[in-house]
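Open the model in a viewer, switch to a cartoon view and keep the selection tool at hand. The stops below go from the sheet outwards to the helices, the cores and two loops.

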Amino acid sequence: MLPEWAIGICRVMVGLFSRLFWRVRWRDVEHIPSSGGLIVAANHQTYIDPFWAGVQVRRPIRFLAWDAAFSWPIVGFFLKLFGAWPLQLEGSDPAPIRRSLQWISEGGAVMLFPEGGRGNPDGTMKKCKPGAVRMALEAGVPILPVTIRGGQRVWPSTFRFPRIGPSIEVVYHPIIHVAQSEEESVRECARRETERLAEIIRSAL
C-alpha cells in the first residue's frame, strides 16, 4: 500500500485524469466530514467507482472490495495500492468487517458499495444489502451517501474495457445517522435504514 502522502498525490492525478477523460464533476463536497469515523456508501456501476467517489475524501480511507477483483491484473494492483481490503460477497469470513470496524472506531473512513456488486446495465440500482448500516450501528458512526451518475455509459457490464467520453457526476449527500428504536430488532432496523440509504443514493440518479 502507498503511504498517505503518495496517495494524496495520486488523488490529484486521478482527479485530473477523471476530468480529462470523463469530465467528472463532484457536487456538494462540503458534506464530506474532515474527521471522525465514517462509512462512505455509494452505488456501483464500474470498477472505477472507488476512485471517482474517493478522490474528494481527503483523509485516510480504505475500501471494501470483492475479493475476486484482487486477482485481476490491473484492477487488483490498484486496489492493493490504495489500501482496499478483500471481502467475500457470499462468504462468512469476518476479518474484513472486524478490520473495518476497528479502523472507523479509530477515526478512519471506509468506503463500500451496498449493492454488493455492479448495478443494472441501465444505471439503476440493485437491492442494497444491510452491511453498511449494520457496521454504522455497531460502530456508532455516520454514513455518507454518494451517488455516481453516468458510470453505466463509461463501462457497461457487457464491455471488457471502459469507454472514453461519457460524462460522470458524483454527488455527496448530507451524512445520515442510523439508530435503532426500542420496539424494533437489529434486523428490522438494518432493513429500514438500508431502504432509507438506498432511496437517498437513488434520488440523484
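Start with the strands of this predicted model. Seven of them form an open sheet with mixed pairing, in the order β1-β7-β6-β2-β5-β3-β4. Select the edges next: β1 (25-27) and β4 (84-87) each have a single partner strand, so one side of each lacks a neighbour in the sheet. Direction ignored, neighbouring strands are turned against each other by 20 degrees on average.

**Stop 1: β6 and its two partners**

Select β6 (143-149). Six of its seven residues are buried, so the rest of the structure largely encloses this strand. On one flank, β6 runs antiparallel to β7, and four bridges join the two. Show Thr147 and Val171 of β7, which are bridge partners, then Ile148, which stands opposite Val170 of β7.

Now turn to β2 (38-42). β2 and β6 run parallel and are joined by four bridges. Ala42 is the residue to pick here, standing opposite Val146 of β6.

**Stop 2: β5**

Move along the sheet to β5 (109-112). Which residues of β5 are buried on each side? Ala109 and Met111 lie on one side, Val110 and Leu112 on the other, and all are buried, leaving both faces of the strand covered.

β5 is joined to β2 by four bridges in a parallel arrangement, and Val40 stands opposite Met111 of β5. With β3, the pairing is also parallel and spans three bridges; Arg62 has Val110 of β5 as its bridge partner.

**Stop 3: helix α4**

Select residues 95-105, which make up α4. Colour Pro96, Ser100, Leu101, Trp103 and Ile104, the buried residues of this helix. These residues cover an arc of only 160 degrees around the axis, which puts them on the same side of α4. Their cover includes β2, β3, β4, β5 and α5. Rotate to the face turned away from the buried side, where the exposed residues Arg98 and Ser105 are found. After the helix comes Gly107, with a positive phi near 100 degrees.

**Stop 4: helix α5**

Next, select residues 131-139, helix α5, and show the buried residues Ala132, Val133, Met135 and Ala136. Looking down the axis of α5, the buried residues fall within an arc of 160 degrees, so they line one face of the helix. An α-helix has 3.6 residues a turn, so residues three or four places apart point the same way. What do the buried residues of α5 pack against? They pack against the strands β2, β3, β5 and β6 and the helices α4 and α7. Gly140 follows α5 and has a positive phi, near 70 degrees.

**Stop 5: the nonpolar cores**

Show side chains for the largest nonpolar core, which has 37 residues. Among these, Trp52, Val146, Ile168 and Val170 touch the most other members. The elements that each supply at least two residues include α2 (49-54), β3 (61-66), α3 (75-81) and β7 (169-172). α1 gives the most, with four residues.

Centre the view on Val170. Leaving aside neighbours within four places in sequence, Val170 is in contact with Val24, Arg25, Trp26, Arg27, Trp52, Ala53, Val146 and Thr147. Apart from the largest core lies another, of 24 residues, with Cys128, Ile176, Leu197 and Ala198 among them.

**Stop 6: Glu184**

Go to the loop between β7 and α7 (186-202) and select Glu184. Is Glu184 buried or exposed? With a relative accessible area of 12%, Glu184 falls under the 20% limit and is therefore buried. A polar atom of the Glu184 side chain lies 3.2 Å from the backbone nitrogen of Ser181. Beyond neighbours within four places in sequence, Glu184 is in contact with Ala179, Cys189 and Arg192.

**Stop 7: Lys129**

Finish in the loop between β5 and α5, at Lys129. Lys129 is partly exposed, with a relative accessible area of 39%. For a last distance, pick the C-alpha atoms of Lys129 and Val75: the two residues are 54 apart in sequence and 23 Å apart in space.

Notes
Residues are numbered from 1 along each chain as its sequence is written. This is a predicted model: local features need pLDDT of at least 70, side-chain atom pairs count only at pLDDT 80 or more; totals for chains, interfaces and linings use all residues. Side-chain values use heavy atoms; hydrogens and water are left out. A nonpolar core is a set of buried Ala, Val, Leu, Ile, Met, Phe, Trp, Tyr and Cys residues joined through side-chain atoms within 4.5 Å. Buried means under 20% relative accessible area, exposed over 50%, partly exposed in between (1.4 Å probe, protein chains only). Contact means heavy atoms within 4.5 Å. A polar contact is a pair of N or O atoms within 3.5 Å; within protein, one must be able to donate a hydrogen and the other to accept it, and residues adjacent in sequence count only if both atoms are side-chain atoms. Two strands pair if DSSP finds at least two bridges between them. Axes are lines fitted to C-alpha atoms, for helices over the stretch in contact, and angles run from 0 to 180 degrees between N-to-C directions. The arc is that of the directions from the helix axis to the C-beta atoms.
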